[in-house]
Amino acid sequence: TYTVHAQEDHLIENQRYIVGIDDFSWGNTYVGKYTSANGLILEEFIEGGNANPITLNVSSLQIGSLSNSGNYVEIHKGGMLEIEGGLSILNTNVSEGLTIHDEGTLIMKSDFDAAMDGFFYDSGARLEVEGAVSNLDNVEGGLNFTLTGENATWNFGTNILNIGALSSENSVIASNNATLDIENINLGSLLTSNNNLIVTDSARMDLRDSINIFDGSSVQITNDGVLAVHFDFSPMTEEKLNISFGGILEAHKNLDYVNSITNGGGIIMTGDEATWTSLSGSTLNIATGNDGGAEANSFLTVTNGATVRIGNFEIDGSDDVFDEGNEIHVVDGGKLIIENGGSYIADKGATLRVTDGGRLVFESDYDVDGYIRWGNGGIIEALAEAPKLGRRRVNGEYIENGQLFLQSGQILILNGPSATWTAPTNNLHIGDLTSNNHLIITNGGTAIVKSASIGDFKEGGNNNSILITGTNSALYS
């Protein structure tokens, strides 16, 4: 009989020890330091017909020694072994070492070499590493592997991570603020299925060159996880790429994907090479078609020089909640081009935002009625009949219906001979009470208003202007 004292060296000698419900934390642990054929076993504890998980935390673990053999550690269903420091397996052969069985869990809080002699696992095993993992370029055999925490790194021997090339039911999970940079991934194969890549819990994964997602396998981005792709990406279906509950896909080049963003997921198009070509001529749906119920925080952001061209758009909200976060945001040099004419009528909780150098372009006649947030240097460019975006709304009702306002840093461009802003019964105020508002009429554009004023009615409004440039460009007042 060996008495267990927390955080002291612990020896397993001349016995096969099954970890009990009262074993919580040991110090440096040795299985067979002085003798052979010793075992340490973790498995769920059955009491009163109920299965209870068993967790044991050790400072470090050494299995065997140079002079002894046949020592082993087995982690079965419901068993969890946490190792704070190093794991060493000495004098190994195929009958000894550490084995994770189906639904058993090994958590390495330091570095881990997946190719170390004496490490084995069965299908359904769970391995979690919080330090640096090496020699795991191929995730096979039904392994569920998690890399977690800010200190987690993955040292690759090649430039390709294969997940389930030879077997099914494998998964790789990046979680808990882990940051990974990977060149290429093959997810599944023609011969396997149900292999998964999951980015969750504020982890970030940057893919540099490629990812092949075979039928029956999927990428899941959820719970504030971010997957950034730096190449042309064509997941095509939601079965292959699922974004939900705060998960974000960050696309730096061309994206070919379905025309909807739902379930609280988000897509950020960023960089001069970022486009979403498959949306041209189609309607982009944000949180729509969900059995009549709106879903919060689904969004598209177009930023940093990215250009997205769509046929039209629809953003769903709720009549009961003012701001559920469903939105399209065009910002910081991003451009969203809307090809088709029509009207946008938003629900509460649905927002179209154009701010901080973002540009929204209407190529056809358009009217906007809803919770549009435009200002702080946001640009709206009309190539046809421009919407009367300057009307004020309070509680869903227009006030001062005879007035049009460019305010709070709004920039409106009427560009081309088909670009018009027809409001002959409205008085136009450029910079009423605010600064940095501009109306630009160019390349033959035309604005018709009842009257026009530039500047503030009180001290403090600055840098407001009307610019009329190019042949046949005109403002009629």
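Trainee: Why does L61 count as buried?

Mentor: In this predicted model, L61 has a relative accessibility of 2%. The cut-off for a buried residue is under 20%. The value of 2% falls under that cut-off, and therefore L61 counts as buried.

Trainee: In which strand is the place of L61, and which residues does L61 touch beyond those up to four places away in sequence?

Mentor: L61 belongs to strand β7, which spans residues 54–63. Leaving out residues up to four places away in sequence, L61 touches T29, V31, V73, L81, I83, G86, L87, S88 and L98. A contact requires heavy atoms within 4.5 Å.

Trainee: How do you know that L61 and N28 are apart in sequence, and how far apart are they in space?

Mentor: The two residues are separated by 33 residues in sequence, while their C-alpha atoms are 6.1 Å apart.

Trainee: T29 is among the residues that L61 touches. What makes T29 buried?

Mentor: T29 lies in strand β3, residues 25–31. Its relative accessibility is 1%; buried means under 20%, so T29 counts as buried. Beyond residues up to four places away in sequence, T29 touches H10, V58, S60, L61 and Q62. The C-alpha atoms of T29 and Q62 are separated by 6.4 Å, although these residues are 33 apart along the chain.

Trainee: Turning to a charged residue, why is E327 called buried?

Mentor: E327 has a relative accessible area of 14%. Since buried means under 20%, the value of 14% places E327 in the buried class. E327 lies in strand β35. Among the residues that E327 touches are I286, F299, T351 and R353.

Trainee: What joins strand β35 to β38, and how do they run?

Mentor: Six bridges join strand β35, residues 326–331, to β38, and the two strands run parallel. Pairing requires at least two bridges, so six bridges satisfy the criterion. Within this pairing, V331 of β35 stands opposite T355 of β38.

Trainee: How many bridges join β38 to β41?

Mentor: Four bridges link β38 to strand β41, residues 372–375, again in a parallel arrangement. As at least two bridges are needed, these strands count as paired too. One partnership is that of L352 with I372 in β41.

Trainee: Why is β38 described as largely enclosed by the rest of the structure?

Mentor: Strand β38 has six residues, 350–355, and five of them are buried; it is therefore largely enclosed by the rest of the structure.

Trainee: How many cavities of 30 Å³ or more does a search of the whole structure find, and which residues line the largest cavity?

Mentor: The search finds one cavity of 30 Å³ or more. The largest cavity has a volume of about 60 Å³. Its lining consists of E238, N242, I243, Y257, S260, I261, T262 and I267. Strands β27 (241–244) and β29 (260–261) are the elements that give two or more residues to this lining. By class, the lining has four nonpolar, three polar and one charged residues.

Trainee: What makes up the protein as a whole, in helices and strands?

Mentor: The protein has zero helices and 51 strands. Of its 477 residues, 53% are buried. Among contacts with a separation of 6 or more, 59% involve residues 24 or more positions apart. The protein exposes about 20000 Å², and carbon and sulfur atoms supply 45% of that area.

Definitions and conventions: Residues are numbered from 1 along each chain as its sequence is written. This is a predicted model: local features need pLDDT of at least 70, side-chain atom pairs count only at pLDDT 80 or more; totals for chains, interfaces and linings use all residues. Side-chain values use heavy atoms; hydrogens and water are left out. Buried means under 20% relative accessible area, exposed over 50%, partly exposed in between (1.4 Å probe, protein chains only). On a 1 Å grid over the protein atoms alone, a cavity is a set of points where a 1.4 Å probe fits but cannot get out, and a pocket is an open set with protein on both sides within 12 Å along at least five of seven lines; lining residues have an atom within 4 Å of a point. Grid points are joined across faces, edges and corners, and a volume is the space filled by probe spheres set on the points. Ala, Val, Leu, Ile, Met, Phe, Trp, Tyr, Cys and Pro count as nonpolar, Asp, Glu, Lys and Arg as charged, and the others, Gly among them, as polar. Accessible areas come from the Shrake-Rupley method with a 1.4 Å probe; for residues, only the protein chains shown count as cover.
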